[in-house]
Amino acid sequence: MTELLVAGGQVLRPDTTVERADVLVDQDSGDILAVDDPGELTGDDTLDASDGLVIPGLVNAHTHVAMTLLRGYADDKPLDAWLQEDIWPVEAELTPEDVRVGAELGLVEMIRSGTTALSDMYFHVDEIAAAVEESGLRAVLGHTAVTVAKDEAGARADMQASLDTALDLDGAADGRIKTTFQPHSLTTVGEEYLREFVPEAVEAGLPIHLHANETTDEVEPLVDEHGARPLEYADDVGLLGEDTFLAHCVHVDETEIDLLAETGTGAVHCPASNMKLASGMAPVQRLLDAGVTVALGTDGAASNNDLDMFDEMRDAAMVGKLAADDASAVPAGAVVEMATANGADLLGFESGRIEAGANADLAVLDLDAAHLTPAHDLVSHLAYAARGSDVCHTVCDGDVLMRDRDLTVFDERAVRDRASDRARALIDRAAE
Ligand SMILES: CSC[C@H]1O[C@@H](n2cnc3c(O)ncnc32)[C@H](O)[C@@H]1O
Ligand SMILES: [Zn+2]
């Protein structure tokens, strides 16, 4: 057995207290073996965390990782216009190799900023899976189906591809890859396709990930068409349940919040994307009060415009207070739980907590920085003051993916160069 000792750090424990401890990792199983007082444990290899804060690896529970290629390409528009006028026309030109390079760039950014698990919605998923396998990270992947503007054969083929991808890819990368069935949203997938394919996905035991209740432009036509709130309709077609998580949940009323809680459906809050696209403010404190499991996601880099989960924690706390008109709403400890344990729970990973038996997915922040001084409250710092660039070591599944800010996976310079070249060529193609 090869053992890694993460030594001398202050460690964020599952109850969101912080104590000085050593963390011993079994690199063969990829699990945490023990958390004990400093000096009590020994390992074959040591990661020095003596000036650091050791946290569970962050969980980005809703993203489109390959969209890094479109970072800064189209800004300052609302969701519908942004997708229809800018994003979808360019995405139609994306090749499998583009998606591979975009995913690699996003995964590099995640490792650098302490994210060790992601839940992704996109296409050319084999390329994303290959990038995830190479990265050493953990991911929930899937092919996202859209049926609007397709003929029946095309629509059914896309839904079937979502099912087949989820079934085929589950367990890849030695179990670091899991999958979800992914209807894109309640407006971009027709009711007949949801009624046909959702029961098949449920029958096959597949978890489900979709966008829901993101904008009023999406909610109002659904209410008009179905005479019910969008999540009542989602429940009627069988989408809600303990294995489903919904990205956004901005415009949810009390009935829908209760429905999420009763059915055990998760919500992934994407505060930066919701602010940038002016989609609205999600009622996060109300969701938490109702007992809904709320995780955090960046959404894609084209609507954020980065994949830094520290930004997301800060944004979630800030906009959560504004939405509740209450400075005590969505406090630091709550956003840290959303970005760690809650995300892991929704994605179905045994990570998100630093305790014996959990996956050894963790990040170490260098606390030796002006913006982290003084250290009254390190949970406060995580939520309000820390940045992705404070992360100095990242470990996933027991493997060190970044040590002293040097990546041990990917040739970062080459990934960035290829991504720049591919992004330029893509935009040129789309403009032709
Ligand atoms: C068909 S693959 C996934 C699809 O989702 C698009 N997308 C990116 N951000 C959002 C968002 O906030 N709401 C809805 N859809 C979004 C992405 O561009 C891909 O086309
Ligand atoms: Zn999204």
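This passage walks through a predicted model, starting with its annotated sites and moving on to a ligand shell and some strands.

A handy place to begin is the record. In an unreviewed UniProt entry, the annotation "binding site" takes in E91, H184, E214 and D299. Two of these residues can be placed in some detail. E91 belongs to helix α1, which spans residues 79-91. D299, by contrast, sits in a loop, the one that links β15 (294-296) to α11 (309-324).

Are E91 and D299 buried or exposed? E91 has 21 other C-beta atoms within 10 Å, and because 20 or more is what it takes, E91 counts as buried. D299 has 28 C-beta neighbours inside 10 Å, so D299 is buried as well. Some of the company around D299 comes from further along the chain: setting aside neighbours within four places in sequence, D299 is in contact with H62, T63, C270, S273 and N304.

Helix α1 turns up again around ligand 1, where α1 gives the most to the shell, with 4 residues. The shell holds 17 residues, and those that come nearest to ligand 1 are I87, M121, T144, H211 and G300. As for its make-up, the shell splits into 7 nonpolar, 7 polar and 3 charged residues.

Next come the strands. An open sheet is built from 4 strands, lined up as β6-β7-β8-β10 with parallel pairing. Which strands stand at the edges? They are β6 (58-63) and β10 (177-179); each has a single partner strand, so one side of each has no neighbour in the sheet. On average, and ignoring direction, neighbouring strands here are turned by 15 degrees against each other.

Inside this sheet, β7 (residues 115-120) and β8 (residues 138-141) pair in the parallel sense over 3 bridges. One spot to look at is A117, whose bridge partner in β8 is R138. A helix also meets these strands: α12 (residues 332-347) lies across β6, β7 and β8, and runs at about 55 degrees to β6.

Another parallel pair is formed by β13 (residues 244-248) and β14, again over 3 bridges. Here A247 stands opposite V268 in β14. Strand β14 (residues 266-269) is covered on both faces, with G266 and V268 buried on one side and A267 and H269 buried on the other.

Note on methods:
Residues are numbered from 1 along each chain as its sequence is written. Chains are lettered from A and ligands numbered from 1 in the order in which they are written. This is a predicted model: local features need pLDDT of at least 70, side-chain atom pairs count only at pLDDT 80 or more; totals for chains, interfaces and linings use all residues. UniProt positions are given in the numbering used here, feature names are shortened, and annotations may be inferred rather than shown by experiment. Helices (H or I, at least four residues) and strands (E, at least two) are DSSP runs, numbered from the N terminus. A residue is buried if 20 or more other C-beta atoms lie within 10 Å of its own, exposed if 12 or fewer, and partly exposed in between; C-beta atoms are placed from the backbone. Two residues are in contact if their C-beta atoms, placed from the backbone, lie within 7 Å. Two strands pair if DSSP finds at least two bridges between them. Axes are lines fitted to C-alpha atoms, for helices over the stretch in contact, and angles run from 0 to 180 degrees between N-to-C directions. A residue is near a molecule or strand if its C-beta atom, placed from the backbone, lies within 6 Å of it. Ala, Val, Leu, Ile, Met, Phe, Trp, Tyr, Cys and Pro count as nonpolar, Asp, Glu, Lys and Arg as charged, and the others, Gly among them, as polar.
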